[in-house]
Amino acid sequence: MRALIVVESVFGNTRKVAAAIAEGLASAGVGAVVEPADRSPSVAGFDLVVVGAPTHLRGLPSARSREQTAARGLGTPPPSGVREWLDETDLTPVPHLAAFDTVVQSRWAGSAAKVIRRKMRRRGRVRTMSFVVQGKPVAIPDGELENARTWGASLPGMY
């Protein structure tokens, strides 16, 4: 089995979670590659595609939310991201899909992973998971990367 992890990250936290998921997949015997969404990675030859992004404005980052992040001096977002990649990528040949996000823990936070799942337009199971970030500057709390590794290791057995 081969896995592609497509990620959008501004502060690096979502990218760190993606790397931990890749480590978990590797521990389960799955070769995993992590690619930024703005490089338009191809899904050809992959059995599992995992897509992840930070939660912006209760959902998936958009051109507008990236502009706002840059204008407020909160980071250097990529020119495009997961939203655009999903809009231009045909996922029908990929047998297994999963989605994750990073999110500040709050009942008003929303979830980029849920939006990713909907945009995948796939019937059947798309596994989703949210990983918490917190503080200022935003960082990954203790134990959350281990949770990402565990989730990554569990993905092959979920299908």
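The expected span of a helix is 1.5 Å times one less than its number of residues. Helices (H or I, at least four residues) and strands (E, at least two) are DSSP runs, numbered from the N terminus. We're working on a predicted model, where local features need pLDDT of at least 70, side-chain atom pairs count only at pLDDT 80 or more, and totals for chains, interfaces and linings use all residues. Residues are numbered from 1 along each chain as its sequence is written, and side-chain values use heavy atoms, with hydrogens and water left out.

**Exercise 1.** Check the length of α1 against what its 15 residues should span.

*Solution.* Step one: at 1.5 Å a residue, the expected span is 21 Å. Step two: the end C-alpha atoms of α1 are 21 Å apart, so the two agree. Step three, just past the helix: Gly29 follows α1 and has a positive phi, near 85 degrees.

**Exercise 2.** Work out how Ser9 sits in the loop between β1 (2-7) and α1 (13-27).

*Solution.* Start with accessibility: Ser9 comes out at 10%, so it counts as buried (under 20% relative accessible area; exposed is over 50%, partly exposed in between; 1.4 Å probe, protein chains only). Next, try its side chain: it reaches the backbone nitrogen of Thr14 at 3.5 Å, and one of its polar atoms lies 3.3 Å from the backbone nitrogen of Arg15. Finally, list the contacts (heavy atoms within 4.5 Å). Leaving aside neighbours within four places in sequence, Ser9 touches Thr14, Arg15 and Pro78.

**Exercise 3.** Find which way the residues of β3 (48-54) point and what β3 pairs with.

*Solution.* First, split the strand: Leu48, Val50, Gly52 and Pro54 point one way, Val49, Val51 and Ala53 the other, and all are buried. Now look sideways, taking strands as paired if DSSP finds at least two bridges between them. β1 pairs with β3 in the parallel sense over five bridges, with Leu4 opposite Val49. β3 also pairs with β4 (96-104) in the parallel sense, over seven bridges, and there His96 is the bridge partner of Leu48.

**Exercise 4.** Trace the largest nonpolar core.

*Solution.* A nonpolar core is a set of buried Ala, Val, Leu, Ile, Met, Phe, Trp, Tyr and Cys residues joined through side-chain atoms within 4.5 Å. The largest has 22 residues, and Val51, Trp85 and Met120 are among those with the most contacts inside it. Then ask who contributes: α4 (112-119) gives the most, with four residues. To finish, follow Val51: beyond its neighbours within four places in sequence, its contacts include Val6, Val82, Phe100 and Ile116.

How values were computed
A polar contact is a pair of N or O atoms within 3.5 Å; within protein, one must be able to donate a hydrogen and the other to accept it, and residues adjacent in sequence count only if both atoms are side-chain atoms.
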